[in-house]
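Notebook open, structure loaded. I want to go through the metal site, the core and the ring pairs.

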Amino acid sequence: MTVTNPVTNLQTLIRCASVTPAEGGALTALADMLRPLGFKIERMTASELGTPDIENLYARLGTEEPHLMFAGHTDVVPVGDAASWSHPPFAADIADGEMFGRGAVDMKGGIACFAAAVARHIEKHGPPAGSISFLITGDEEGPAINGTVKLLQWAAERGEKWDASLVGEPTNPDRLGDMIKIGRRGSISGFITVHGVQGHAAYPHLADNPVRSIIKLTEALLERPFDAGTDNFQPSNLEVTSIDVGNAATNVIAAKATAAFNIRFNDTWSVDTLRAEIIARLDAAAADQALRPGRPPTKYDIAWSDRPSQVFLTRNNALIASLSSAVENVTGQRPALSTTGGTSDARHIKDYCPVVEFGLVGQTMHMIDERVALSDLETLTEIYQTFIQRWFENADI
Ligand SMILES: [Zn+2]
């Protein structure tokens with residue numbers, strides 16, 4: 001069974017130019033790898049007005065419980081300046097023990113290794129005592145509207161149930177074995193608008209400068225930490241990402257000022273409690289007249305971006321222990337259990353079953369010359385294979 005080789009699996013996937021939202025042949029290539037292993041393959045296309053149609057894939061081996069789901073995406077980010085790559089981005093060239101190509105680590109490499117691991121498991125032990133499925137989207141790097149969320153809904157409506165999920169995103173900062181992600185911080189973005197009164201800079205009493213107010217409001221968001229962090233999470237952090245007045249004239253006071261911010265938050269907060277805290281801070285700052293003596297309170301509007309992400313933490317010992325002991329067994333290194341970094345599709349999967357994330361080393365993701373060490377592909381395949389074996393042994397505990 002050639003699917004046991006993660007290197008050839010990955011070459012096949014990289015050679016499909018699946019720059020989001022294009023399928024590029026990548027899901028078909030994956031289906032061709034999984035079908036001979038006994039997987040039942042289904043393709044599901046999701047659409048929504050104003051976004052490109054997206055092809056997704058769901059493949060299941062077995063019909064029994066327990067059911068382990070591997071999740072990921074075959075779409076990749078654009079290559080950037082193709083001429084800057086030392087090897088063409090869709091050639092999957094191998095040089096000095098590394099394979100070059102867009103998606104090598106994020107995350108066709110993870111998929112190639114998991115397919116190889118399943119094939120090796122079957123070769124050694126026969127089909128698993130339960131089910132394994134692949135839930136693969138073509139819409140992780142794009143707007144992510146027609147991807148994992150809809151694919152999960154679609155599968156759940158057809159009666160699919162999962163006991164655990166592993167997402168194969170690149171989670172290791174430096175070396176394979178560094179880090180498993182067992183949760184993710186939440187994320188909220190907001191936009192503040194202050195309405196002032198336009199006027200002449202020499203006659204400020206006739207105007208109301210919104211810059212004074214936007215400084216106070218943004219300071220109120222930054223001046224005190226939101227929390228000190230928790231056992232499993234770093235402290236919540238807010239960044240003001242933009243302050244805009246759009247005024248090119250030095251002798252004019254502008255009519256309005258806007259600011260944008262994003263906060264990555266831990267399990268001290270929910271989306272609702274954190275929004276309330278932010279509004280309380282802004283209201284207090286709006287009433288503060290330090291920069292606008294004698295003036296009425298600042299008038300401001302706040303708009304929240306759609307689709308905030310809730311924080312989550314996975315507490316499933318069978319899943320976490322199976323994976324971390326597999327990593328330690330193969331690499332000799334005990335992985336950190338981390339909740340750092342950005343959001344991922346795990347935030348959607350957590351609504352259906354416990355989920356953890358482990359994949360390749362992330363250093364070259366989204367870069368020119370994205371590449372993976374062939375030795376890492378072999379090691380990750382061994383980790384995944386050990387994990388599959390241990391998870392099916394532990395799943396009932
Ligand atoms: Zn990714």
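What arrangement do the four donor atoms around the zinc ion make? Before answering, I note that this is a predicted model. I looked up the angles: the four donor atoms subtend 52 to 146° at the zinc ion, so the arrangement goes down as irregular. The cut-off I needed here is that tetrahedral requires all angles to lie between 85 and 135 degrees.

**Zinc donors.** I listed the protein donors as H73 (NE2), D106 (OD) and E169 (OE), with E169 (OE) appearing twice, and they lie 1.8 to 2.7 Å from the ion. Along the sequence I wrote the spacing as H-x32-D-x62-E. H73 sits in strand β3 (residues 67-73) and D106 in the loop between β5 (98-100) and α3, so this pair ties together parts that are 33 residues apart in sequence. I also checked burial: H73 has 0% relative accessibility and counts as buried, and D106 counts as buried at 6%.

**Core.** Next I pulled up the largest nonpolar core, which has 60 residues. F114, V118, F134 and F358 have the most contacts inside it. Helix α3 (residues 108-125) supplies the largest share of this core, nine residues. I also found a second, separate core of 24 residues, with I214, A285, A286 and V311 among them.

I then picked F114 and asked what it touches. Leaving out residues up to four places away in sequence, I got L68, F70, I132, F134, L166, Y384 and I388.

**Rings.** My search of the whole structure for aromatic pairs gave 12. F114 and F134 make an edge-to-face pair, at 5.6 Å centre to centre and 75° between the planes. Why does this pair tie together parts that are apart in sequence? F114 is in helix α3 and F134 in strand β6 (residues 131-137), so the parts tied together are 20 residues apart. Both F114 and F134 are buried.

I looked at W162 and Y352 too: edge-to-face again, 5.9 Å between centres and 80° between planes. W162 is in the loop between α4 (148-157) and β7 (164-167), and Y352 is in the loop between α8 (346-349) and β18 (355-357), so that pair ties together parts 190 residues apart in sequence. W162 is buried at 7% relative accessible area, whereas Y352 is partly exposed at 32%.

Ring pairs also link F39, F70, F114, F134 and Y384 into a cluster. Last entry: the charged end of R281 sits over the ring of F226, 4.0 Å from its centre.

Conventions
Residues numbered from 1 in each chain as written. Predicted model: local features only at pLDDT ≥ 70, side-chain atom pairs only at ≥ 80, totals over all residues. Heavy atoms only, no water. Core = buried A, V, L, I, M, F, W, Y, C linked by side-chain atoms within 4.5 Å. Buried < 20%, exposed > 50% of the residue type's maximum accessible area, 1.4 Å probe, protein only. Helix = DSSP H or I, 4+ residues; strand = E, 2+ residues; numbered from the N terminus. Contact = heavy atoms within 4.5 Å. Phe/Tyr/Trp six-rings, centres within 6.5 Å; stacked < 30°, edge-to-face > 60°. Lys NZ or Arg CZ within 6 Å of the ring centre and 35° of its normal. Donors = N, O, S within 2.8 Å, 3.2 Å for Na, K, Ca; no water. Tetrahedral: all angles 85-135°; square planar, octahedral: opposite > 155°, others 65-115°.
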